[in-house]
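Here is a quick note for anyone opening this entry for the first time. Have the view ready and follow along point by point.

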Protein chains: 2
Amino acid sequence: MTEDNVGLIGLGAMGRPMAAHLLRAARERGGELWVHSRRRASAEELVAAGARWAATPAELAGRCGVVVSMVQDLPQVAEVLDGDGGLLAGLSAPAVLVVASTSSPDGVRALADDVARRSAGRLAVVDAPVSGGVEGAAEGTLSIMVGGAPADVARALPWLGAMGTAVHLGPIGAGQVAKACNQLIVAATTVALGEASVIAERSGLDLARLLDLLGGGYAGSRLLEVKKSRLVAHDYTPAAPAKFMVKDLGFAADEARRTGVAVRQLPVLQEVFADITARGLGDLDTAVVQRDLEDRSA
Amino acid sequence: MTEDNVGLIGLGAMGRPMAAHLLRAARERGGELWVHSRRRASAEELVAAGARWAATPAELAGRCGVVVSMVQDLPQVAEVLDGDGGLLAGLSAPAVLVVASTSSPDGVRALADDVARRSAGRLAVVDAPVSGGVEGAAEGTLSIMVGGAPADVARALPWLGAMGTAVHLGPIGAGQVAKACNQLIVAATTVALGEASVIAERSGLDLARLLDLLGGGYAGSRLLEVKKSRLVAHDYTPAAPAKFMVKDLGFAADEARRTGVAVRQLPVLQEVFADITARGLGDLDTAVVQRDLEDRSA
């Protein structure tokens, strides 16, 4: 039965470990995991472990009630959907497409409308961007932010729950809005840590001691813990490349504009990360806000 | 011996619970806690518990190696120091004055210079602003940010450690710089939480679920935990009044200017809290950034 099968399209650095958790969940239900990727080689390990290879998205579509798309962006989702071997060509029963990539909220809403029209309502879209990185994907501890109609989300949630904590937050696009909000908070805290660290060092403070102390009080955050050693060592080896913030904060700004929210901090954060990227520092870790500020200061 | 005695001047909402911890620490050393305040009545409970009342700062100065000043601001510290009954008039042996109020870094540096000159080096100043509020003062879990010369700080630290976690961060003024950095990070995170919550609600997201989910990831912070229920309920009953941010962020901006740091986020944070205060919302909790943004939005 297709409801006990799940599909995953896109076997990159995130998709492969996510697939491993879906495979386990499918087995527990007595079903199968079907996978497809641009390169067959990406699937070898999974197929050896018991996953089934689909030569095209169409082949996969006919066998799975829920298909997770972990490709890079919405244009790649369009490639998955369209053409002779595309997902839309292969639908046998009503299915749910879970878009796990990060995109603009409006982009995924438009996609959902387009897909509903072209499939005559037989393919519904749920958006479910993730946070937690490759490590979270491997450990099955991703934060998964879900948007969509309740009935569609209800079909997707058991599968998403196998890969981390999945929470239904609102209508289609809500997952992307949540991811954008996450990035806004992360960016604001990162820039504040950068500004504070440069002021503190120039004033003769011991930065390691300061960040240890601040971490125990109201300024304490997961981000402070993660960035502390980088800020102290001025080490910007990339964990979270700064340039990705430009895209993510852009999605947040789009949504603020659409909803008429007169944000004031967000534009500054966009400016900071755009400048860093324009200076050629975008491949470095977001902690590079510290170095950028040092370079700009007298 | 005066080194086993400690003095505390200023028995307000913070000073009284701090005094209780100093009293315990003095007893453990076989010494005494001497207290002084504008109103004798504020000391009654402490005196009943064994603290000694000093009629003037001068009387207290002659008996204690370390005197903690927990008055409101630097002008009040000046009142404590000056005149016939002032601290400077009563010095018998070299002592350390711990300025625990929040002030500008430059203000406390100037005070230290002035005091050193007027006392011919017999009274040294250490700055030690605190974070953690009345609750932290009561529980003895304040974060105490300490600046000053190593020998002076060494005399003060055992007493400060009785009231929380005290860390020596750098030269005189370093405590105030640390407090300003703390407030910068707190303000940035608060404003980001406000912007994110307004965007999310206008986009139809369930804010309580969103904040729960974000709290488990990279956007997680002590502040998110503390402000979550307020943001969800749009409840701005004051815990941390917004207007105090104006002063604190001003100190951070002064120090950024002095050290030539070209901050970009800090001026926006100053603007946000200045506008909130100008609108008459400054007595409400800092979570009022949410309401302010709603009011400004279309």
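The points below go from the interface to the core, then to the annotated places and the salt bridges.

1. First, a word on what you are looking at: this is a predicted model. Please read every distance and area below as something computed from that predicted model.

2. Start where the two chains meet. On each side the count is 69: 69 residues of chain A are in contact with 69 residues of chain B. Together the chains bury about 5,600 Å² between them, and 65% of that is on carbon and sulfur atoms. If you want three residues to click on, try L213(A), Y218(A) and R264(A), which supply 15% of the area chain A buries against chain B, more than any other three residues.

3. What about polar links across that interface? The rule finds 28 residue pairs in polar contact between chain A and chain B, and it also finds 6 salt bridges there. On the chain A side, the elements giving two or more residues include the strands β8 (142–147) and β9 (164–170), along with helices such as α10 (207–215) and α14 (289–296). Which element gives the most to this side? That is α9(A), with 19 residues.

4. One cross-chain pair to look up is D292(B) with R264(A), a salt bridge whose closest N and O atoms are 3.9 Å apart. R264(A) also turned up among the three residues that supply 15% of chain A's buried area. Beyond that pair, R264(A) and D292(B) belong to a network of salt bridges that also links E271(B), D275(B), R279(B), R291(B), D295(B) and R296(B).

5. Now swap the chain letters. D292(A) and R264(B) meet in a salt bridge too, at 3.8 Å from N to O. This pair crosses between chains, from helix α14 of chain A to the loop between α11 (243–258) and α12 (265–278) of chain B. Are these two residues buried or exposed? Both D292(A) and R264(B) are buried.

6. On to the nonpolar core. Nonpolar side chains tend to be buried together in soluble globular proteins. Here the largest nonpolar core has 100 residues, and those with the most contacts inside it are L169(A), F273(A), L169(B) and F273(B). Take F273(B) as a way in: leaving out residues up to four places away in sequence, F273(B) touches A187(B), V191(B), A242(B), M245(B), V246(B), L249(B), T286(B) and V289(B). There is also a second, separate core of 35 residues, which includes M18(B), L22(B), V35(B) and L160(B).

7. Next, the annotations. UniProt, in an unreviewed entry, places the feature "active site" at K179(A). You will find K179(A) in helix α9 (residues 174–202) of chain A. K179(A) counts as buried because its relative accessibility is 11%, under the 20% cut-off. Its contacts, apart from neighbours within four places in sequence, are T102(A), P129(A), V130(A) and M145(A).

8. The unreviewed UniProt entry also lists residues 5–168 of chain A as "domain: 6-phosphogluconate dehydrogenase NADP-binding". That span is 41% helix and 23% strand, and its end C-alpha atoms lie 21 Å apart.

9. For a contrast with the buried residues, go to G216(A), in the loop between α10 and α11 of chain A. G216(A) is exposed, with a relative accessible area of 57%. From there to L33(A), 183 residues away along the chain, the C-alpha atoms are separated by 45 Å.

10. Finally, salt bridges inside a chain. A search of the whole structure finds 54 salt bridges over all chains. In one of them, the side chains of D4(B) and R29(B) meet at 3.5 Å, N to O. D4(B) is in the segment before β1 (6–9) and R29(B) in the loop between α1 (15–28) and β2 (33–36) of chain B, so the pair ties together parts 25 residues apart in sequence. D4(B) is partly exposed at 23% relative accessible area, and R29(B) is partly exposed at 33%.

11. Another one joins R118(B) and D82(B), at 2.6 Å from N to O. It links distant parts of the chain: R118(B) is in helix α5 (residues 105–118) of chain B, while D82(B) is in the loop between α4 (74–81) and β5 (95–99), 36 residues apart. R118(B) counts as partly exposed at 42% relative accessibility, as does D82(B) at 32%.

Technical notes:
Residues numbered from 1 in each chain as written. Chains lettered and ligands numbered in written order. Predicted model: local features only at pLDDT ≥ 70, side-chain atom pairs only at ≥ 80, totals over all residues. Heavy atoms only, no water. Core = buried A, V, L, I, M, F, W, Y, C linked by side-chain atoms within 4.5 Å. Buried < 20%, exposed > 50% of the residue type's maximum accessible area, 1.4 Å probe, protein only. Contact = heavy atoms within 4.5 Å. UniProt positions renumbered as here; feature names shortened; annotations may be inferred. Helix = DSSP H or I, 4+ residues; strand = E, 2+ residues; numbered from the N terminus. Buried area = accessible area lost by both parts, 1.4 Å probe. Salt bridge = Lys/Arg side-chain N within 4 Å of Asp/Glu carboxyl O. Polar contact = N/O pair within 3.5 Å; in protein donor to acceptor, adjacent residues only side chain to side chain.
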